[in-house]
Amino acid sequence: MAAGGSAAWEATRQRELADEHARRAGIARQMARSFEAAAHSERRLAETLIELEPLGYTLLADRRRPGSVRGNVDLILVGPGGVIILDAKSWREVTIVNGRVWRGSEDATTEVERLADLLHSTQGELAEIGLAPGEVHAIVAFTGHRIPKTELFGVTLLGDAVAVTEISRLGRRLSPARVGEVRSVLEKLFPPYATGPVPLPIASIPEPVLAATDGAESSSAESLSAEQIQDALYEGLRRAPIEEWMTMLHPGQARLVRRSFNGPSRIRGAAGTGKTVVALHRAAYLARMTGGPVLVTTFVRTLPIVLESLLRRLAPDVVDRVEFRSVHSFATEVLASRGIHPDVDAEAASKIFDTIWRKIGLQGPLGAIDPVAGYWYEEVCAVIKGRGLTRFEQYAGLARHGRRRPLTVDQRIAVWQLYVAYEEQLRASDVSDWQDVILEADASLAEEPLTTYRAVIVDEAQDLSCVMIRMLHSLVGDQPDGFNLVGDGQQTIYPGGSTLAEAGVSIAGRAVVLTTNYRNTAEIAGFANLLVKGDSHTDIEGGETVGDLAETPRHGSRPVHTVFPSRAAHDRSLVERVRRIVSDAEASGADISLGDIGVLALYAWHAREVADALEAAGIPTIDLTEYDGTPVDAVKVGTIKRAKGLEFAEVLVVRTPPHLVTPGLDTGDDAAAERTALQRRELFVGMTRARDGLWVGVA
């Protein structure tokens, strides 16, 4: 960073914080004015509606009606579902009969008519900026009452307990940019209700703050529980394309997005706890706070493309300040910018290793242990090159995390000789493997640091090698909120793991665990957990663990697990299952389309074959390697590795090898046990991509 750059960045950050405090002070005064006259039940409704903030809603409380001096509007919401004018009524008695609304014995229908007039005039004003009338709604919420949903003069009347559900069912109809445009018009059309300021401690104000005013009658009704609010929010999103669900942030996660750490940090949690969506929202937050650029990276080549698409929908105002790259593409770009262009040919590199193995490995001590070259190729690439080892002494006593087969010193000498011969032949052939790209980029950045980035966010951090972590950490060092790691050791599916300590990264006191699984039903999570029950692994923070536990509040149908006598029978059942998912959704109004279905396999050739079977049956598909995060009316098909970080309403795991889902078939040596454990974790990852339904076909 140039001289003075750090001070300038800090000055900008402090100005942002000052602006934020000023904004919250204004909200506090507004809230105090409104709450002075508000009934307890109305305050409860306001506090309930706060939970809509993570869905992208802004709340305008206690506003003045257009053209009126004293008339006020309790609450206006503007967000993805459109505009909602909400009037809270805390009446002791309310009945609706034959199109009339009664407050006790008093006919209060005219109050609904006045709100209907306001609705129609607001629709007309917003039509001037091209907003369709159907995107503007009015709701009367009767606090403390259970009122059947009723439509009167275009206004929806209901009880406060279902208000959030009604709003969430609107789904996502407006883009974030459109929401901002509409909000600007509403703030001018409905100015704040003008009364004198009343001080209120900012620390006590939830954000954003709501308020509601009407009569001052009290209500003894209980507040909505957190579970009820959560169910209401999710119900609306489950009706939208899965891409909308993938950007949904739970209120508990929203606080974590804004949390500040005084150095490198890590967010971890079991599958389904929302780590990737937290990372996405945190990228937007840090881009706003620092001015960017922020780098978001991960091991999976195709995931950054999807994440960028989601951020473009979620926060278009900062998309130009957030860069999305796979770790390999980032390293390649760094080298290219410095005139270095390694000739990467993974297939040629693998053939070179096979030749070396047959010459000096197969007949030696390593061949006696395992004659298959693949295990030793992983040892050289993941364990030795993945850690950036340059001397045998470093390897001789190394803790080979994740490798279950122990090696003696003599056997390690043989591995090292294999590694040296492989490296020499790569250089002689002028060929590089992907590990070389990372090593060269790491060395180049150590020699000539890159100080462009204000923050780095690493998703699926457990998949990255030691050198990858070290390279990315060098971009921001230990600066506050600079290096953000997100991941779950239970979902490690690649051999040769390492720890943060080996990469020179400390997150002491800066690790957060997410404990609620918002994605899966309890039935899906329970079924998937059977695969990894008792499976231990070395976490990147160090130490053996069997994975984090998470509460799973949602329930649904039991997963379907079927063993087929042939692949043909398996594929016929797969086609039938996809058709049934869509037809059942149409019958129940669940709004699940083909694009919400994921068909996942361990192997690419299995994915291609089942895609052919679906296409032959007239069901359109899209390969996950071509999916860019845009909603599409086609079944998404691909490998489980390509599905990391993604979610689907329904998942079908296909062509599953029987030994991976059959207890008691773990035979063979430590290497076989290691491979089985990795593949079971991979299946676990695939199964936990499912939100509502899971089908597992064994063939």
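This is a short tour of a predicted model, with stops to select one after another in your viewer.

**The whole chain**

Start with everything shown and colour by secondary structure. You will be looking at 23 helices and 23 strands. Of the 699 residues in the chain, 55% are buried. Now switch on a surface: about 28,800 Å² is exposed, and carbon and sulfur atoms supply 52% of that area. A contact map tells you something about the fold as well. Among the contacts in the chain with a separation of 6 or more, 78% join residues 24 or more positions apart.

**Stop one: α3 and α5**

Select residues 109-127 for helix α3 and residues 176-189 for helix α5. The two helices pack at an angle of about 130°, and their axes lie 11 Å apart. That angle makes α3 oblique to α5. The crossing in which α3 passes α5 is right-handed. To see where they touch, show side chains for T122, E125 and L126 in α3, which meet V182, V185, L186 and L189 in α5. Sorted by class, this contact holds 5 nonpolar residues, 1 polar and 1 charged.

**Stop two: S326 in strand β12**

Next, pick strand β12, residues 322-326, and zoom in on S326. Is S326 buried or exposed? Its relative accessibility is 7%, so S326 counts as buried. What surrounds S326, leaving aside its neighbours within four places in sequence? Select T297, T298, F299, V300, R301 and P304, with which S326 is in contact. For a distance to draw, try S326 to I305: the C-alpha atoms are 9.0 Å apart in space, with the two positions 21 residues apart in sequence.

**Stop three: α12 and α14**

Move on to helix α12, residues 346-361, and helix α14, residues 373-385. Here the packing angle is about 115° and the axes are 10 Å apart. The pair is therefore roughly perpendicular. As you turn the view, note that α12 passes α14 in a right-handed crossing. On the α12 side, the contact is made by A346, A349, S350, F353, D354 and W357. On the α14 side, display A373, W376, Y377 and V380. Colour the contact of α12 with α14 by residue class and you should find 8 nonpolar residues, 1 polar and 1 charged.

**Stop four: α17 and α18**

Now select residues 434-447, helix α17, together with residues 466-473, helix α18. How do these two helices pack? Their angle is about 30°, with the axes 9 Å apart. Angles under 35 degrees count as roughly parallel, so α17 is roughly parallel to α18. The crossing of α17 and α18 is left-handed. Show I438, L439, A441, D442 and L445 from α17, then add V467, M468, R470 and M471 from α18, to display the contact. By class, the contact of α17 with α18 has 7 nonpolar residues, 2 charged and no polar ones.

**Last stop: R572 in α20**

Finish with helix α20, residues 567-588, and pick out R572 within it. With the surface back on, you can check how R572 sits: at 57% relative accessibility, R572 counts as exposed. Then draw a line from its C-alpha atom to that of A617. R572 and A617 are 45 residues apart along the chain, and their C-alpha atoms are separated by 9.2 Å.

Terms used: Residues are numbered from 1 along each chain as its sequence is written. This is a predicted model: local features need pLDDT of at least 70, side-chain atom pairs count only at pLDDT 80 or more; totals for chains, interfaces and linings use all residues. Side-chain values use heavy atoms; hydrogens and water are left out. Axes are lines fitted to C-alpha atoms, for helices over the stretch in contact, and angles run from 0 to 180 degrees between N-to-C directions. Helices (H or I, at least four residues) and strands (E, at least two) are DSSP runs, numbered from the N terminus. Angles under 35 degrees count as roughly parallel, over 145 as roughly antiparallel, 65 to 115 as roughly perpendicular and the rest as oblique. A crossing is left-handed if the near helix is turned anticlockwise from the far one by less than a right angle, and right-handed if clockwise. Contact means heavy atoms within 4.5 Å. Ala, Val, Leu, Ile, Met, Phe, Trp, Tyr, Cys and Pro count as nonpolar, Asp, Glu, Lys and Arg as charged, and the others, Gly among them, as polar. Buried means under 20% relative accessible area, exposed over 50%, partly exposed in between (1.4 Å probe, protein chains only). Accessible areas come from the Shrake-Rupley method with a 1.4 Å probe; for residues, only the protein chains shown count as cover.
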